[in-house]
Amino acid sequence: MIKPEKLSKEVVAILNHGMHKEYDHMLAYRGAANWCNNNGFFKAAEYFAKEAGEEFGHAKKYQDFMTDWNVTPEIP
């Protein structure tokens with residue numbers, strides 16, 4: 001199968017939206033981790049920090065996929 005040189009605008013918009021959601025989740029988990037650390041809930045902070053890292057990994061997958069298709073991701 002021959003792949004197109006670039007993804008359609010519609011597909012890029014969907015991928016960017018998904019990536020933005022992953023960043024939103026990452027920031028929410030990071031905020032929860034910070035709050036937990038400041039209030040002495042260190043195990044919970046550790047959990048939320050780990051989740052934030054996983055969400056960042058998901059966002060990176062979106063970015064890598066788009067750059068593999070010669071598309072520049074729109075990072076929020």
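These are my notebook entries on a predicted model of one protein chain.

**Ground rules.** I number residues from 1 along each chain as its sequence is written. Because the model is predicted, I ask for pLDDT of at least 70 for local features and 80 or more for side-chain atom pairs, while totals for chains, interfaces and linings use all residues, and side-chain values use heavy atoms, without hydrogens and water.

**Overall form.** I looked up the secondary structure first and found two helices and zero strands (DSSP runs numbered from the N terminus: H or I of at least four residues for helices, E of at least two for strands). The radius of gyration is 16 Å, well over the 11 Å of the globule rule for 76 residues, so the chain is more spread out than a compact globule. That radius is taken over C-alpha atoms, and the rule is 2.2 Å times the number of residues to the power 0.38. I also noted the span of the C-alpha trace along its principal axes, about 55 × 20 × 15 Å.

**Burial and contacts.** I find 28% of the 76 residues buried (under 20% relative accessible area; exposed is over 50%, partly exposed in between, with a 1.4 Å probe and protein chains only). Of the contacts between residues at least 6 apart in sequence, 67% join residues at least 24 apart; a contact here means heavy atoms within 4.5 Å.

**The core.** Which residues make up the largest nonpolar core? I listed 11: Leu-7, Val-12, Leu-15, Met-19, Tyr-23, Met-26, Ala-52, Ala-59, Met-66, Trp-69 and Val-71. Helices α1 and α2 (42-68) each supply at least two of these residues, and α1 gives the most, with five. The term covers buried Ala, Val, Leu, Ile, Met, Phe, Trp, Tyr and Cys residues joined through side-chain atoms within 4.5 Å. I then followed one core member, Met-26: beyond its neighbours within four places in sequence, Met-26 touches Ala-52, Glu-55 and Phe-56.

**Two more stops on α1.** Is Leu-27 buried or exposed? Leu-27 belongs to helix α1 and counts as exposed, because its relative accessibility is 54%. From Leu-27 to Thr-67, 40 residues along the chain, I read 23 Å between C-alpha atoms.

Arg-30 also sits in helix α1 (residues 9-38), and I have it as partly exposed because its relative accessible area is 33%. Setting aside neighbours within four places in sequence, Arg-30 contacts Ala-49 and Ala-52. Lys-50 is 20 residues from Arg-30 in sequence, and their C-alpha atoms are 8.9 Å apart.
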